[in-house]
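Open the structure in your viewer and keep the sequence beside it. The stops below say what to select next and what is there.

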Amino acid sequence: MTTKDLIESAGLTPLTQFEPRDVDGVIVSDMLSDVMAGAKSGNLWITVQTHKNIVPAANLVDASAIVITGGKKVPQDTLDLANQHSIAILWTPLSSFELVGKLYALGLVAK
Amino acid sequence: MMPECQHRWKMTNIQFGFTVFEKCSHCQTVRTYFSTQDTWDEYREGPCLWTIVENAQTFKFDLQCTSCNHVESFADLLGLLYCTGCLPDCQVEMIRKECATRKTWILVAFGFLPEAKSQPIPERRLRMLTDHFNQRRDTSRSTIEIVWFDQIKNLSLCRGEFIHDVGMLSLETPEERKPLF
């Protein structure tokens, strides 16, 4: 499954410009330390964090995309930095719990 | 003779805690340390009055080779900072710009201050760190390069951002961060 497929099937809104890529597994965490320690290449990172530090953290662990849940507004400096690094930021009004359920039903599991 | 191991690194001995930045109002020195406690207390030490400037959730780790089991300690690594391009004539910014053209992202490794100024993490271990993060990614898309913080032209003006959990608990947009050093 690619980020493009996911946008369509899970009803996610892309907030940045990026090249579609394969999604391989999921990590759900609101702590950068957790993500830096545990994320794997291609993981979809689900979080409510919108601080611009999420961009270099996602870049460092080679996440396929960051999904901001709960309808949280993403600051412009976060989006600017993500565009600069071609990091996909997707958005959903669903809670992390609801989104995970939806992704699980689509066949995405932790890697 | 055994061939030299082509190390494949994984994180080991992961310990979650806090990176504390404290500053003395008497001598203006900044020092940093890792703590397992979330501490904000100020305290006296001789003529010095130490106040916490920043306290961020972070983690410590070592690297272990999955082939030969060799463990390399990174107890002296404070964290990684990404360059925000705040100083155009800073060496890090120049390296960052040059590397961005070949999709290599620059991160700056910091040791704990003040020790790290006189005892830098050697290039050999920075290479291990770089290798670890590159081994975890699809390098056909982009790569990571880690440099030591002595490349920063002026620490007291640097507005680079540490990749650690600070200002992450508020629902408000964070204020622009002030230089830490």
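Two strands count as paired if DSSP finds at least two bridges between them. This is a predicted model. With that rule in hand, start in chain A.

**Stop 1: the sheet of chain A**

Select Ile46(A) and then Val67(A). Val67(A), in strand 4 of chain A, is the bridge partner of Ile46(A). Now extend the selection to residues 44–47, which are strand 3 of chain A, and residues 65–68, which are strand 4 of chain A. These two strands run parallel and are joined by 4 bridges.

Show the whole sheet next. It is an open sheet of 5 strands in chain A, in the order 1-5-4-3-2, and its pairing is mixed. Strand 1 (13–14) and strand 2 (26–28) of chain A are at the edges; each has a single partner strand, so one side of each has no neighbour in the sheet.

**Stop 2: the sheet of chain B**

Move to chain B. Here 4 strands make an open sheet with mixed pairing, in the order 8-7-6-9. Its edge strands are strand 8 (143–148) and strand 9 (161–162) of chain B, each pairing on one side only.

Select strand 7 of chain B, residues 104–111. Strand 6 of chain B, residues 77–82, runs antiparallel to strand 7 of chain B, and 5 bridges join the two. Two residue pairs show this: Leu81(B) has Val108(B) as its bridge partner, and Tyr82(B) stands opposite Leu107(B).

What is the sense of the pairing between strand 7 of chain B and strand 8 of chain B? They pair in the parallel sense, over 6 bridges. On this side, Val108(B) stands opposite Val147(B) in strand 8 of chain B.

**Stop 3: helices on the sheet**

Add residues 91–100, helix 1 of chain B. This helix packs on the sheet and touches strand 7 and strand 8 of chain B; its direction makes about 150 degrees with that of strand 7 of chain B. Then add residues 123–135, helix 3 of chain B, which lies across strand 7 and strand 8 of chain B. Helix 3 of chain B runs at about 160 degrees to strand 8 of chain B.

Why is strand 7 of chain B largely enclosed by the rest of the structure? Because 6 of its 8 residues are buried.

**Stop 4: the core**

In soluble globular proteins, nonpolar side chains tend to be buried together. The largest nonpolar core here has 64 residues, and those that touch the most other members are Ile66(A), Val67(A), Leu107(B), Val108(B) and Ala109(B). Helix 3 of chain A (residues 54–61) gives the most to this core, with 6 residues.

Select Leu107(B) and show its contacts. Among them are Leu60(A), Leu80(B), Ile144(B) and Ile146(B).

**Stop 5: where the chains meet**

Finally, show both chains. Their contact takes 17 residues from chain A and 23 residues from chain B. On the side of chain A that touches chain B, helix 2 (32–38) and helix 3 of chain A are the elements that give two or more residues. Helix 3 of chain A has the largest share, 5 residues. By type, the residues of this side of chain A are 9 nonpolar, 6 polar and 2 charged.

Before closing, note the scores: the model has ipTM 0.89 and pTM 0.88. Chain B has a mean pLDDT of 89, with 91% of its residues at 70 or more.

Methods: Residues are numbered from 1 along each chain as its sequence is written. Chains are lettered from A and ligands numbered from 1 in the order in which they are written. This is a predicted model: local features need pLDDT of at least 70, side-chain atom pairs count only at pLDDT 80 or more; totals for chains, interfaces and linings use all residues. A nonpolar core is a set of buried Ala, Val, Leu, Ile, Met, Phe, Trp, Tyr and Cys residues joined through C-beta atoms within 7 Å. A residue is buried if 20 or more other C-beta atoms lie within 10 Å of its own, exposed if 12 or fewer, and partly exposed in between; C-beta atoms are placed from the backbone. Two residues are in contact if their C-beta atoms, placed from the backbone, lie within 7 Å. Axes are lines fitted to C-alpha atoms, for helices over the stretch in contact, and angles run from 0 to 180 degrees between N-to-C directions. pLDDT is the predictor's confidence in each residue, from 0 to 100. Ala, Val, Leu, Ile, Met, Phe, Trp, Tyr, Cys and Pro count as nonpolar, Asp, Glu, Lys and Arg as charged, and the others, Gly among them, as polar. Lists of a residue's contacts leave out its neighbours within four places in sequence.
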